[in-house]
Amino acid sequence: MKSIEEIKSAIEAAVSGARVGIVPNGSPSGQHSLLLDPQHAVAVAKFLRDDKELQLDFLSNATGVDWLDKEITEKVKVTRPVTKTVDGVDQTMEETVEETRKHVQPGYLEAVYHLYSMARKHGPVILRMRTGNRTDQVELPSLTPVWRSAEFQEREIFDLFGIVFTGHPDLRRILMWDNFKDHPMRRDYVEPDDFEYEPTAHDEVLARAAAHRAARQGSAVAAAEANAGAER
Amino acid sequence: MAVDEKLKIELGKQGVFVTTLQELYNWGRRSSIWPMQFGLACCAIEMIATTMARYDMARFGAEVFRPSPRQADLMIVSGTVTKKMAPQVVRLYNQMAEPKYVIAMGACAISGGPFKQGYNVLKGIDRYIPVDVHIPGCPPRPEALLHAFITLQKKIDEQHLTGEERPPHLDGGAQGEFPVPEYGEHDLEPPSNPGVWPVPITIR
Amino acid sequence: MSNVGLQAEATAASGREEGWNRPRTLTPEGELLEVAMGPHHPSTHGVFRMDVALDGERVIRLKPVFGYLHRNHEKLAEGMAYLASMPFTDRLDYICSLTNNWAYALAVEKLVGQEVPERAQYLRVILAELTRIVNHASSVGFLIQEMGASGTPLMYAFREREKILDLFESLTGARMMCNYMRFGGCRVDASAAWLDATRKVVAGLPRFADEFENLLCTNEILMARCQGIGILRPELAVNAGVTGPLLRASGVNYDIRKVDRYGIYDRFRFRVPLGDHWDVYDRFMVRLLELRESIGILEQALKEIPAGPIMDAKAKLRGFRPKAGEAYGRIEAPKGELGFYLISDGGPNPYRYRVRPPSLINLTILEDMCLGEHLADVVLIFGSVDIVLGEVDR
């Protein structure tokens, strides 16, 4: 099979205007992926499927990934002029100081597709697409018209991550019920607090149980007082 | 009126069969419990294995799995009840005719089991319907299901036909149907039925 | 590959008009009747619903509804350590826990570049093929049960299943939820006595296969009900990502054991059965033939299994933190391609944990196969897909 760079240049030669990036992968698996721009994604997908040499006719896996806003703290060395008094005389000197700078890298949702070729028995080629942000620009083009196997998987991504696939023939919730409002696979999803106590070693569960207990005991005490009042 | 056990055996030796209506009635009920053909998850496979040749549930008169809740006496909640499935489970229970019994099979049906922390997992079916026998295990072995079954038979044997503790189907005022929870925007509404499952206060 | 040209032609999607891979639109002659089959339905493999629109007995539209067993496996796995997800993988496809273990172990081994010792590889193959036999026998049993042959074939299948489950239990400690494989090997070693017991069971399997085939294959009713219904064309099967026996019954030669040669599958001689009528009967036959091939693999593996360690010496058990990166690992599970996609951010828990469920994706073409068929056959076509809801909904 072609290397990832060769595939990238083949795409750029075939689909005019397509911008393709390479997302390197640090793990020993060496499965690097191609980052597509959403405008040309469908054309690129068609090319990958129909190209005689690649013939990636089998979309195996499609999934979403949620990348939260990341606060990046980095230490930067800054050189700046400092005025110091040496032996009673003011002198301007260059001084190098370490400064901590913080900036927020905005989060995004990502759709990942794993392609194989059943005809040529090679793969995987991994495609990625990213949304503008996590709130209002969550639209990506659907690859279901190209590979039917994306149909249920894109519905699942829509259900659990909230990426809206334009051009999908039947975009509804698939796993949760229809009037469910949240996207539970997002990393900032808060699940309903509906269990009380369990013997466990997980601190967050114990903390939650303690909060429940306090609330319940409070209400139990209140109820007992109310009962006592009624009896009197 | 209870017959003296020794006298009964003595009479039996002479070929005279003495029983009470209650015993006869309960014997008939416990010997042909028809479970509902209804599997939820992993435990359902073990439930099927229980009905197969090796464990042979037919020995206990319960091999007739009925597809319709109207014909079933026993609901074996075999597996994880998710929030999406819970209303249907309650509805099926409501459709069963009295007398009806419930076995919660496996950790998931009891409490949510390993999936307890999941957002779509109901933390035990006894939040919505009354359960007669709980069997732990993930999944319980077929022997455990048989044990649960025998336990249920013992329970039926001990039911009185009259008095305060009579089973619900003989008690005109007893509750036979339970409210079906509805799909909310974030969770089921209500998250539990306090009439069936008073929220436990754990004090440690 | 010699069959590239032929297969490429069969599976080529290019040059087709837009929408060729969508289900056909049928126009009813009479009045439409909407039927909701499930989620509690005696013939489905669990809690699954099909919203069917009927014109008389003919299916005009069929929409599957999922989620009744959505147990949040992925979300839970992202909150726990890598190894802690292993017992949860057992509960995905709960008939085949050991192949699920293998797929997950394989993905993590790819993520960290872990080697697996010889003996563990052989044990994995033995257990995976035993699992395949259990799955194929029971899925054929369920299929026939749905045809109305209540019990008998399923009882034959479950009789063999119990023998194999006894082997699993004596090796791993559990009948169904084995939790046996680890990253870089297996959990406990198989004793010589266990291997002998396995040889004995495997020696009895060909007789079971003969019996099963004699009982079923030429049965008149089975042929009448199964042949020519639920046809799935190969080009649509490939485009819809169908894998496993369902794909091979449509004549596409794609078995990941042959393609990826993961583990040590390149050492064994086995054939890949293919269908050429693409119908329910072919799926049934492909499963029976695969069962025979699995027996062949088992015989070879049990003959060749070497002595040695079952865990790689370099395998890290405590403080397992893969460096940042991602990996997709897949195996040929009995139901199709089971893959795990993992993203690590360097922490003890996976940042993203995804299961590629063959059962869910194989259902994509359920509507296409059922359109125009009778309602009674829908149950059969659905049974021939062979799904497990634990994996569909996760």
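These legends go with several close-up views of a predicted model.

**View 1. The three domains of chain A.**
Chain A splits up into three pieces in this view: domain 1 (4-68 + 108-166), domain 2 (70-104) and domain 3 (192-232). Note how domain 1 is written as two segments, 4-68 and 108-166, with domain 2 at 70-104 falling between them in the numbering. Going by C-alpha atoms, the centre of domain 1 of chain A sits 45 Å from the centre of domain 2 of chain A.

**View 2. Where chain A meets chain C.**
How many residues of each chain take part here? On the chain A side there are 34, and they are in contact with 45 residues of chain C. Three elements of chain A each put two or more residues into its side of this contact: α2 (41-50), β3 (58-67) and α3 (150-160). Which of them gives the largest share? That would be β3(A), with six residues. As for the chemistry, the side of chain A that touches chain C is made up of 16 nonpolar, 11 polar and seven charged residues.

**View 3. Chain C as a whole fold.**
Count up the secondary structure of chain C and you get 16 helices and eight strands. Its C-alpha trace spans about 70 × 50 × 45 Å along the principal axes. Is the radius of gyration of chain C in agreement or at odds with a compact globule? It agrees, because a compact globule of 394 residues would come out near 21 Å, and chain C has 21 Å.

**View 4. Inside chain C.**
Here the topic is packing. Of the 394 residues in chain C, 58% count as buried. Take the contacts in chain C between residues at least 6 apart in sequence: 73% of these join residues at least 24 apart.

**View 5. The run of elements in chain B.**
Chain B brings six helices and five strands. Read from the N terminus on, the order is α-α-α-β-α-β-α-β-α-β-β. So to speak, the chain opens with three helices in a row and ends on two strands.

**View 6. Extent and packing of chain B.**
Along the principal axes, the C-alpha atoms of chain B fill a box of roughly 70 × 40 × 40 Å. What share of its 204 residues counts as buried? For chain B the figure is 42%. Looking at contacts in chain B between residues at least 6 apart in sequence, 75% link residues at least 24 apart.

Technical notes:
Residues are numbered from 1 along each chain as its sequence is written. Chains are lettered from A and ligands numbered from 1 in the order in which they are written. This is a predicted model: local features need pLDDT of at least 70, side-chain atom pairs count only at pLDDT 80 or more; totals for chains, interfaces and linings use all residues. Domain bounds come from an automatic or database domain assignment. Two residues are in contact if their C-beta atoms, placed from the backbone, lie within 7 Å. Helices (H or I, at least four residues) and strands (E, at least two) are DSSP runs, numbered from the N terminus. Ala, Val, Leu, Ile, Met, Phe, Trp, Tyr, Cys and Pro count as nonpolar, Asp, Glu, Lys and Arg as charged, and the others, Gly among them, as polar. The radius of gyration is taken over C-alpha atoms; the globule rule is 2.2 Å times the number of residues to the power 0.38. A residue is buried if 20 or more other C-beta atoms lie within 10 Å of its own, exposed if 12 or fewer, and partly exposed in between; C-beta atoms are placed from the backbone.
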